[in-house]
Every structure is written in structure tokens, then in C-alpha cells.
Amino acid sequence: MDGTKPAMESTVEEAQDEGQESKGCSECCLKCLGGVPYASLVATILCFSGVALFCGCGHVALTGTLTMLENNFSRVTSDHATLATVIQIFQYIIYGVASFFFVYAILLLGEGFYTTSAIKKELQSDFKTTVCGRCITAFFMFLTYIFALVFIAIFCFTAIPVFLFFNMWNTCAAMRSPDSNITSPNSVCVDIRQYGLVSLNATPGKACGATLGDICNTSEFYLSYHLYIVALAGAGATVIALIHYLMILAANWAYLKSAVSTHEYHDIKTKDDQDLEAEARSKEGQNSSSYS
């Protein structure tokens, strides 16, 4: 019996140590999860997804558009040289947009971690560093507002090729439909010269009837049309992500400003309490000296 008692005590102690370790691990995990800015994380994922869709699909769609144009609407290089240059410039811009927004979204996510940590320490003495953080948040808020306006313009611009391809798609669908009552399919044409994409002297410049139907069945047309739609959706998702970032930054700025005021109020209150305590002690000292 005496030999089993120490063994039982050691078993209980080991169980208590294991319980404390598991409790410490769970508390650490909860503390880490509590410091994650989930709103900024969601906005970052949405921004990454939107920019990736816009840049990737937009780049491939522009290449397919140029190929379709050279094969079917403008066989002379000089007739669409300006458009080819513009497409190449846009492709380089896409590279820059993808790289920049990858870094910028990481910075905004880091700002979210910083602000979340600062707000949790608003009653601690090291909260004075968030005064600089408030200026950084305001700066990011200004930049995000500008980028949101830019991407709204990009979203509207991306809708133009979607509209053009949609009209061409509908024209081909109308020619294939038995209910369209088109007596002369060769009279149905799509002339891209009227959109200013190529010069007025481009050869052939337009496609009619069966030729137009064959163009609509090419892989370049089908792929480019659907990629433009996905790129438009990606631009819209990026706009939503930037607006989400704006709301987060505005809330963080308000939290930081309120926390600074609260911290200053606590400092003043603590100082006043200390002054009152010192005054009370001095009065007690005077009363005790008068009694002696």
C-alpha cells in the first residue's frame, strides 16, 4: 500500500502537468487567433483573386483578340499597328498592376495586424506608438481611395470589349437561329472599322454571312470572349476588395483616434488621482504634527 501511494501521487502530478500544458497551448492558440484581422484577411484574399483573374485573363484575351483581328479583319500589319501597340502597352501595364497590388495588399494586411494589436493594448503604456500608426492608416486610406477610383475606371473600360464581343456573339446566334427570319444571311455583317479599332482602309475590315459564322466558331473568339467576362468579374472583385479595405481603414482610424483620447484621459485621471493622494497625505502630515 505504501509503495502504491507515491506512484499514484506521481500519476496525478503528471496529469496536472499535462492539463496545464494543454491549457497553455489552447490559450496561446486563442490569443494568436484573437490577433488576426479577419476583415483585412478576407479583403486580401478577395483582392488577390480579383487581380489575378483580371491580369491573367485580360492578358490572354488581348493576345487572342489581336490574333483574331490579324486573321480575319486586318491582314495588313500597318492597318492595325496602332491597336497592336496599344495592346502591347496594356499587357505591360497588366504586369505592373499584378506586381504592385500583390505588394500593396500585403502592406494593408500588415497594417490590419498592427492596428488590431494596438487596439488590444490601448490601456498600456506603449500605446503612444499608435499616434504614428494613425497617420499611416490615414495615408493608406487616401491611397486606397485613389486606387478604388482607378479600378472603377478599369472596370468600366473592361466592359467595352465584353460589349463588342457580346454583340458579335448575338449576331452569330441570330443567323443560326431558325426563328430569326433572315432571308439573306450574307447581308448580316460585323464591321469593326466603325469602332475605330483599325483604319478605314483595312482589308477586309468586316465579316459577313458564313464568314462571320466561321469567326464565331474559332477558338480565339470563344476563348477571348469568355476571358474578357472573367477579367471583368476580376476587376469587379478588386473594386469590392478596395471598398472593403476603405471601410476597414476608416474603422481602424476611428478606433485609433478614440483609443488615443481614452489613453490621454486615463493619464490625466491618474495624474489627478496622484495629486489628490499627495494632497491628502500632506494634510494628514500637518494634522499629525499639530496634534503632537
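Student: Is Thr 158 buried or exposed?

Tutor: Happy to start there, keeping in mind that this is a predicted model. Thr 158 sits in helix H4. Its relative accessible area is 7%, and the cut-off for burial is under 20%. Thr 158 is therefore buried.

Student: Which residues does Thr 158 touch, leaving out those up to four places away in sequence?

Tutor: Contact here means heavy atoms within 4.5 Å. With residues up to four places away set aside, the partners of Thr 158 are Phe 54, Tyr 228, Ala 231 and Leu 232.

Student: What does UniProt list as transmembrane region?

Tutor: The annotation comes from an unreviewed UniProt entry, and such annotations may be inferred rather than shown by experiment. The listed residues are 41-69, 89-114, 135-166 and 227-248.

Student: How far apart are the end C-alpha atoms of residues 41-69 and of residues 227-248?

Tutor: Let's take the secondary structure of each segment along the way. Residues 41-69 are 100% helix and 0% strand, with end C-alpha atoms 41 Å apart. Residues 227-248 are also 100% helix and 0% strand, and there the separation is 31 Å.

Student: In what order do the elements of the chain run?

Tutor: The chain has 6 helices and 2 strands. Read from the N terminus on, the order is α-α-α-α-β-β-α-α.

Student: Why does the pair of Phe 90 and Phe 157 count as tilted?

Tutor: The structure holds 20 aromatic pairs. In the pair of Phe 90 and Phe 157, the ring centres are 5.3 Å apart and the planes meet at 35 degrees. Planes under 30 degrees apart would be stacked and those over 60 edge-to-face, so at 35 degrees this pair is tilted.

Student: Which helices does that pair link?

Tutor: Phe 90 and Phe 157 are 67 residues apart, so to speak in distant parts of the chain. Phe 90 belongs to residues 81-120 and Phe 157 to residues 130-176, which are helices H3 and H4.

Student: Are Phe 139 and Phe 140 buried or partly exposed?

Tutor: Their rings have centres 6.2 Å apart and planes at 50 degrees, so they form a tilted pair. Phe 139 has 48% relative accessibility, while Phe 140 has a relative accessible area of 11%. Phe 139 is therefore partly exposed, and Phe 140 is buried.

Student: Which residues form one aromatic cluster with Phe 139 and Phe 140?

Tutor: Both of these phenylalanines belong to the cluster. Their fellow members are Phe 54, Phe 100, Phe 101, Tyr 104, Phe 147 and Phe 151.

Student: What is the area of the nonpolar surface patch that includes Tyr 145?

Tutor: Tyr 145 is in helix H4, and at 45% relative accessibility it counts as partly exposed. Its companions in the patch are Phe 142, Ile 146, Leu 149, Val 150 and Ile 152. Together with Tyr 145 they make a patch of about 540 Å².

Student: Which residues does Leu 197 touch, again not counting residues up to four places away in sequence?

Tutor: Leu 197 lies in the loop between strand E1 (189-191) and strand E2 (206-208), and it is partly exposed, with a relative accessible area of 31%. Its C-alpha atom is separated by 7.3 Å from that of His 80, 117 residues apart along the chain. The residues Leu 197 touches are Leu 83, Leu 164 and Ile 192.

Student: How much of the chain is buried?

Tutor: The chain exposes about 17800 Å², and carbon and sulfur atoms supply 65% of that area. Of the 292 residues, the buried share is 30%.

Methods. Residues numbered from 1 in each chain as written. Predicted model: local features only at pLDDT ≥ 70, side-chain atom pairs only at ≥ 80, totals over all residues. Heavy atoms only, no water. Helix = DSSP H or I, 4+ residues; strand = E, 2+ residues; numbered from the N terminus. Phe/Tyr/Trp six-rings, centres within 6.5 Å; stacked < 30°, edge-to-face > 60°. Buried < 20%, exposed > 50% of the residue type's maximum accessible area, 1.4 Å probe, protein only. Patch = residues over 30% accessible without salt bridge, like charges linked within 9 Å, V, L, I, M, F, W, Y side chains within 5 Å. Areas by Shrake-Rupley, 256 points an atom, 1.4 Å probe, with all protein chains shown as cover. Salt bridge = Lys/Arg side-chain N within 4 Å of Asp/Glu carboxyl O.
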